[in-house]
Amino acid sequence: MSRPPLPPFTRETAAQKARMAEDAWNSRDPVRVSLAYTEDSRWRNRSEVFQGREAIVAFLTRKWEKEHDYRLIKDLWAFDESRIAVRFQYEWHDAGGQWNRSYGNEQWEFDEHGLMKRREASINDIMIAEKDRRFHWAAPGPRPADVPGLGTEPF
């Protein structure tokens with residue numbers, strides 16, 4: 001199975017890969033998301049470390065059972081031949097209605113078929129008031145083209 005764009009990445013193809021990942025995660029479909037990863041993909045997400053597509057699906061299922069109305073923006077930070085680094089923010093609320101914004105960075109490594117074989121994510125959360133939300137597009141679904149990325153705004 002091939003998942004273009006393929007390494008080696010250019011700035012354009014790395015940014016395309018980041019946007020494709022963002023769109024998949026905004027679908028909140030764990031199986032769809034898992035197909036971008038190798039069968040034995042290795043993950044570190046916060047303090048969890050696991051491997052394989054089945055574990056990815058299980059992790060994302062748990063995540064989106066907890067993180068309601070999830071909306072995510074990923075921006076390209078850096079890249080080389082087979083690696084991409086992104087920074088991201090996402091907003092979500094818990095079952096009690098408390099909104100949160102999560103900030104983080106991810107490091108990705110891809111195989112020759114364009115599948116991600118390694119993902120390392122560092123993430124921090126802050127509680128926000130609903131009035132302070134920034135991401136308001138219809139969810140689940142991709143960020144509309146007229147909604148800008150993170151740009152230069154760090155927080």
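Strands here are DSSP runs of E of at least two residues, numbered from the N terminus. With that in hand, let's work through a predicted model.

**Exercise 1. Place N45 in the structure and describe its surroundings.**

*Step 1.* Start with the secondary structure: N45 belongs to strand β1, which covers residues 37-45.

*Step 2.* Next, check accessibility. Buried means under 20% relative accessible area. N45 has 5%, so it counts as buried.

*Step 3.* Now list the neighbours, setting aside those within four places in sequence: N45 is in contact with F59, R119, A121 and I123.

*Step 4.* Look for polar partners among the side chains. The side chain of N45 makes a polar contact with that of R119, at 2.8 Å.

*Step 5.* Finish with a distance along and across the chain: N45 and L76 are 31 residues apart in sequence, and their C-alpha atoms are separated by 18 Å.

**Exercise 2. Find what the side chain of R143 reaches, and say whether R143 is buried or exposed.**

*Step 1.* Locate the residue: R143 sits in the segment after β6 (116-128).

*Step 2.* Compare its accessibility with the cut-off for buried, under 20%. The value for R143 is 7%, so R143 is buried.

*Step 3.* Follow the side chain to backbone oxygens. It reaches that of V147 at 2.8 Å and that of P148 at 3.4 Å.

*Step 4.* Add the contacts from more than four places away in sequence. R143 touches residues including R19, E22, D23, N26 and W137.

**Exercise 3. Trace the salt bridges of K117 and E120, and classify the residues by accessibility.**

*Step 1.* Recall the principle: side chains of opposite charge can pair when their charged atoms come close. The cut-off to apply is 4 Å between the side-chain nitrogen and the carboxyl oxygen.

*Step 2.* Take K117. Its partner is E109, with the closest N and O atoms 3.8 Å apart. K117 is partly exposed at 35% relative accessibility, whereas E109 is buried at 13%.

*Step 3.* Take E120. Its salt bridge is with R118, and here the closest N and O atoms are 2.9 Å apart. Both ends are partly exposed: E120 at 22% and R118 at 33%.

*Step 4.* Join the pieces: through shared partners, salt bridges link R83, E109, K117, R118 and E120 into one network.

*Step 5.* For contrast, try another pair. K63 and E67 form a salt bridge at 2.7 Å, N to O, and both of these residues are buried.

*Step 6.* To close, set these pairs against the total: the whole structure has 16 salt bridges.

Definitions and conventions. Residues are numbered from 1 along each chain as its sequence is written. This is a predicted model: local features need pLDDT of at least 70, side-chain atom pairs count only at pLDDT 80 or more; totals for chains, interfaces and linings use all residues. Side-chain values use heavy atoms; hydrogens and water are left out. Helices (H or I, at least four residues) and strands (E, at least two) are DSSP runs, numbered from the N terminus. Buried means under 20% relative accessible area, exposed over 50%, partly exposed in between (1.4 Å probe, protein chains only). A polar contact is a pair of N or O atoms within 3.5 Å; within protein, one must be able to donate a hydrogen and the other to accept it, and residues adjacent in sequence count only if both atoms are side-chain atoms. Contact means heavy atoms within 4.5 Å.
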